[in-house]
Amino acid sequence: MGKQFIRPSQIITTFGPGSVVDLPDDSVMIAGIDYWFDGNKPFKIITEPRLQTALNVSEFRTPPVGSFRDNDVPFVRFPRWRVCPGCSMLSDRFRWPRGNPDLPPVPRCDRCNRETYPSRIVVACPRGHIADFPWYRWVHRGQTCGGGSLFLRGEGRSASLGDLRVECSCGKSHTLAGALGADAMAAASCACPGTRPWLDDNREECTERLYAMQRGASNIYFSVTRSALSVPPWSDPLQAEVASLRSQFPSEPSDELWTHIIKERFPNRDPDLVWKCITRLKELRDTRPSIRSEEFGALSADRDHFSTTFETRRQQISSTTATYLSDVVAVSRLREVRALVGFTRIEAPEMDPTIESFVKTAPISSRALDWLPAVENLGEGIFARINSARLRKWEELPAVKERAGKVLETYSAWRQVRGLQALKEAHPRLILIHTLAHVLMRQMSLECGYSSASLRERIYASEDMAGLLIYTSSPDSDGSLGGLIRQTNPPERFDESLMSSVELAEICSNDPLCREHLSVHADRANGSACHACAMVSETSCEFGNRLLDRGMIVSLPNMEMTGYFDFDAGARGKA
């Protein structure tokens with residue numbers, strides 16, 4: 001197995017602990033963070049006090065970077081069952097030949113001395129447990145033959161699973177047809193073994209349904225992350241330096257120690273300013289302010305901000321834009337810290353930004369640690385605040401309440417079935433702001449030079465907030481290239497983008513099916529929205545492409561006046 005490279009950001013989003021990484025000649029699973037820094041491996045500390053407080057950790061660490069060799073993220077081989085391409089033997093006990101210790105060898109078959117390859121199928125459950133496919137149970141259907149040799153042979157007709165047959169030396173055989181079915185494992189009397197290979201096979205009892213899936217399936221691993229933007233006063237360089245010093249101590253330093261630190265580390269700074277930063281850190285643990293509320297306050301402030309990690313400029317807006325938006329802010333510099341807190345399998349995690357909480361996740365460590373892996377991204381964005389007076393008038397319309405209520409009711413039922421916490425802020429504005437963010441991202445991807453998948457949204461929707469941030473960020477030290485904020489100046493450019501987005505929301509190529517879609521009959525919990533008009537990449541959306549409805553932006557043909565942009569424009573004509 002040669003060198004394989006993974007970026008730090010991929011460890012947080014795609015290849016975190018518990019994920020299966022397909023390599024050219026092998027398959028491995030990233031180990032838990034308990035083992036990441038064995039042997040005093042170097043790491044960089046990332047500081048973001050508000051996110052650290054929210055996640056109850058003292059610091060964030062960047063993942064080890066490089067290759068699957070020195071100073072890198074440890075791994076275990078998974079799956080353990082392998083297949084010989086020569087004699088088709090299927091086993092978890094192939095021999096390991098001696099070789100270069102820096103390049104672990106691939107197991108070889110005892111019969112024909114050929115290099116083996118990992119099996120295609122594994123089993124997993126919604127709690128995150130994962131194990132090798134139960135090959136003996138599958139071929140013997142719950143019985144046993146005393147331990148015969150297994151073979152996986154293709155019948156040569158196609159590349160489907162039904163063309164693969166598992167044979168035992170005792171004479172039993174069974175194809176893999178139906179192995180990926182929802183009830184296949186139950187039919188073969190296979191229960192979840194509760195294994196967690198990334199935590200050194202630390203097992204636990206589990207009664208969840210077991211599912212078979214291909215090891216490269218997209219639903220075998222969903223990372224669960226939390227993020228925060230560095231906003232004033234936390235983006236202030238002095239505050240950031242004080243927070244970095246505080247993270248070096250396992251407990252709160254005494255006032256005497258802080259006094260000594262101030263004299264040693266800040267001899268040329270006003271002690272009162274330093275103490276103000278220290279006091280702010282102490283108060284943070286007691287007050288635990290909302291991350292989204294603080295971000296919204298900084299983005300919608302009446303003044304511009306200038307710091308190394310947060311720079312905003314309020315833009316002039318045209319009279320047309322002012323009808324719908326109160327502010328447009330060019331965020332020419334922002335810093336986002338994104339931390340990995342866990343992962344799920346089978347179903348993607350569902351976040352509710354209004355309460356900043358997640359569904360229960362599988363652990364990434366076998367014991368409680370005071371740190372989490374994270375990456376620091378730099379970028380730019382555009383913040384837009386909705387016109388509050390027009391918004392309140394729009395939300396009082398009976399037609400708006402009825403249409404939004406159907407979508408919110410369906411979404412709440414969808415969350416309830418999955419055991420998720422109910423929406424804290426279930427208002428029509430949530431659907432409006434979310435859909436507007438999507439159509440703006442789709443439009444701006446055509447104009448600013450970034451692909452739609454590289455843009456992300458942050459939704460600020462509650463009784464006290466009504467705004468959205470469209471941004472792009474990367475771990476590169478230079479951040480982004482400025483193509484996004486250029487869409488805000490001159491004002492006519494943003495006005496054109498906004499109006500073009502509204503026009504695109506009015507008509508969909510899938511109409512009338514999309515336009516007449518009723519969320520009460522669908523699992524997606526959307527109104528009039530599909531991939532042709534309002535949906536974006538899953539990685540760009542905070543709600544998994546749910547809670548979308550074009551009818552909240554613009555009144556659709558042959559329907560009531562529910563659009564925020566035209567509810568006071570008179571009756572709509574027929575399509």
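So, which residue in S14 is the bridge partner of leucine 152? Hold that thought while I set things up. What we have here is a predicted model, where local features need pLDDT of at least 70, side-chain atom pairs count only at pLDDT 80 or more, and totals for chains, interfaces and linings use all residues. Residues are numbered from 1 along each chain as its sequence is written, and side-chain values use heavy atoms, with hydrogens and water left out.

Quick vocabulary: strands are DSSP runs of E, at least two residues, numbered from the N terminus, and two of them pair if DSSP finds at least two bridges between them.

Okay, back to leucine 152: its partner is valine 166. That match belongs to strand S13 (residues 150-154) and strand S14 (residues 164-168), which pair antiparallel over five bridges. They sit in an open sheet of six strands, in the order S10-S8-S9-S13-S14-S15, with antiparallel pairing. At the edges you'll find S10 (117-118) and S15 (173-175), each pairing on one side only.

Now look at strand S21, residues 371-386. Of its 16 residues, 13 are buried, so the rest of the structure largely encloses this strand. Buried, by the way, means under 20% relative accessible area, using a 1.4 Å probe and protein chains only.

Who pairs with S21? Strand S20 (residues 325-344) does, antiparallel, through twelve bridges; there, leucine 325 partners isoleucine 386. Strand S23 (residues 466-474) is antiparallel to S21 too, with eight bridges, and glycine 379 stands opposite serine 473. Strand S5 (residues 59-61) runs parallel to S21, joined by three bridges, with glutamate 59 opposite tryptophan 371.

Terms used:
Helices (H or I, at least four residues) and strands (E, at least two) are DSSP runs, numbered from the N terminus. Buried means under 20% relative accessible area, exposed over 50%, partly exposed in between (1.4 Å probe, protein chains only).
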